[in-house]
Amino acid sequence: MFFDPLYLLFMVPGFLLAAITALVVRTRFSRFEKVPLRSGLSGAEVAREILRRQGLSGVSIEVHEGFLSDHYDPTERVVRLSPKVYHGRSVAAAAVAAHEVGHAIQHAKAYGPMALRTASVPAANIGSSLSWILIFVGFIFQSFNLAVAGVALFGLVVFFQVITIPVEFNASTRAKAAVMEYGLVTVSEERDISKMLSAAALTYVAALVVALLQLVYFLIRLGLLGGSRND
Ligand SMILES: [Zn+2]
């Protein structure tokens, strides 16, 4: 299994796709980082304004170290923005800040897929660590059942990646609607924000493709899909 050409055949395209999408996100971010927002608002100010207009006074905004480390924390109800997004007065900063607030709105409105995603975090964490151990031990000791249990646990990871897709696209849709409705950006800025956010969403699609390829590889190796079980 370790120097399996079939593994490379499955994983190389996936990792290439992930690397390319990461590059596209970085390129788009640095491009739109140079486009100043007409309103002069910073990412943090855009976030605060959307939260205010949505009546979400319980959600706070914090600066968080790292490059594109931006996220919404539903347990503490905090929108954490990276320094470039928090302080930046650019189209890129507004796009990312509004997207993260989109998650806060999903949370406040009990958007189903987001609740499901949050609830499946522990299962996905267990799945991502334990699945590899079970699959590894299963292959070493030629235990089919153990390997199948490992692959089933890996399925939890895939499920998490699947449910992430609608959550991410929906957060971007809410973000774009909010910045337009509240007059925080111009029509052409909204178009650029859309380009920035669709690049960011590709990251999650790539992660899902990688996980799916991995799953298909396991299923083929176990003889549950296509060829025969021969390892
Ligand atoms: Zn997101």
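This short presentation covers the zinc site, the nonpolar cores, the aromatic pairs and a few individual residues of the structure shown above.

Good morning, colleagues. Please keep in mind throughout that this is a predicted model.

I shall begin with the metal. Which residues coordinate the zinc ion? The donors are H99 through NE2, H103 through NE2 and E168 through OE, at 2.0 to 2.1 Å. Along the sequence, these donor residues follow the spacing H-x3-H-x64-E. H99 and H103 both belong to helix α4, and because they are four residues apart there, about one helical turn separates them. As a general point, an α-helix has 3.6 residues a turn, so residues three or four places apart point the same way. Both H99 and H103 are buried.

Let me stay with helix α4 itself. What span should its 18 residues have, at 1.5 Å a residue? The expected value is 26 Å, and the end C-alpha atoms of α4 are 25 Å apart, which agrees. The helix is mostly covered, with 16 of its 18 residues buried. Another residue of α4 is Q106. Q106 has a relative accessible area of 0% and is therefore buried. Setting aside neighbours within four places in sequence, Q106 is in contact with Y111, M114, V167, N170, A171 and R174. Just after the helix, A110 adopts a positive phi of about 50°.

I turn now to the nonpolar interior. The largest nonpolar core has 38 residues, and those with the most contacts inside it are V46, I50, V79, L81, V179 and I193. Which elements give two or more residues to this core? They are α1 (5-33), α2 (43-53), β3 (78-81), α3 (83-87), α4 (91-108), α7 (144-181) and α8 (187-221). The largest share, ten residues, is supplied by α4. Apart from this core lies another, of 18 residues, which includes I135, F154, V157 and L222. Returning to V79, its contacts beyond four places in sequence are V59, S60, I61, E62, H71, Y72, E100, V101 and A104.

The aromatic residues are my next topic. The structure holds seven aromatic pairs. One of them is formed by W132 and F154: the ring centres are 6.1 Å apart and the planes meet at 80°, so the pair is edge-to-face. This pair links distant parts of the chain, since W132 sits in helix α6 and F154 in helix α7, 22 residues apart. Are these two residues buried or exposed? W132 is partly exposed, with a relative accessible area of 35%, whereas F154, at 5% relative accessibility, counts as buried. A further pair joins Y217 and F218, whose ring centres are 5.9 Å apart and whose planes lie at 55°, so this pair is tilted. Both Y217 and F218 are buried. Y7, F10, W132, F154, Y217 and F218 together form one aromatic cluster.

Helix α6, residues 121-140, also contains A123. With a relative accessible area of 29%, A123 is partly exposed. The C-alpha atoms of A123 and F160 are 8.7 Å apart in space, although the two residues are 37 apart in sequence.

Finally, I would like to consider the loops. H64 is placed in the loop between β1 (60-63) and β2 (71-73). Its relative accessible area is 27%, so H64 is partly exposed. Not counting residues up to four places away in sequence, H64 touches S69, H71, R80, L81, S82 and P83. What distance does the polar contact between the side chains of H64 and S69 have? It is 3.2 Å. By way of a longer separation in space, the C-alpha atoms of H64 and A22 are 20 Å apart, with their positions 42 residues apart along the chain.

L68 is found in the loop between β1 and β2 as well. Phi of L68 is near 50°, a positive value in a residue other than glycine. L68 counts as partly exposed, at 28% relative accessibility. A further positive phi, of about 55°, occurs at Q142, which is not a glycine either. Q142 lies in the loop between α6 and α7, and at 57% relative accessibility Q142 counts as exposed.

That concludes the presentation. Thank you for your attention.

How values were computed. Residues are numbered from 1 along each chain as its sequence is written. This is a predicted model: local features need pLDDT of at least 70, side-chain atom pairs count only at pLDDT 80 or more; totals for chains, interfaces and linings use all residues. Side-chain values use heavy atoms; hydrogens and water are left out. Buried means under 20% relative accessible area, exposed over 50%, partly exposed in between (1.4 Å probe, protein chains only). Contact means heavy atoms within 4.5 Å. A polar contact is a pair of N or O atoms within 3.5 Å; within protein, one must be able to donate a hydrogen and the other to accept it, and residues adjacent in sequence count only if both atoms are side-chain atoms. A nonpolar core is a set of buried Ala, Val, Leu, Ile, Met, Phe, Trp, Tyr and Cys residues joined through side-chain atoms within 4.5 Å. The expected span of a helix is 1.5 Å times one less than its number of residues. Donors are N, O and S atoms within 2.8 Å of the metal (3.2 Å for Na, K and Ca); water is not among the atoms, so sites may look incomplete. Rings of Phe, Tyr and Trp (its six-membered ring) pair if their centres lie within 6.5 Å; planes under 30 degrees apart count as stacked, over 60 as edge-to-face and the rest as tilted.
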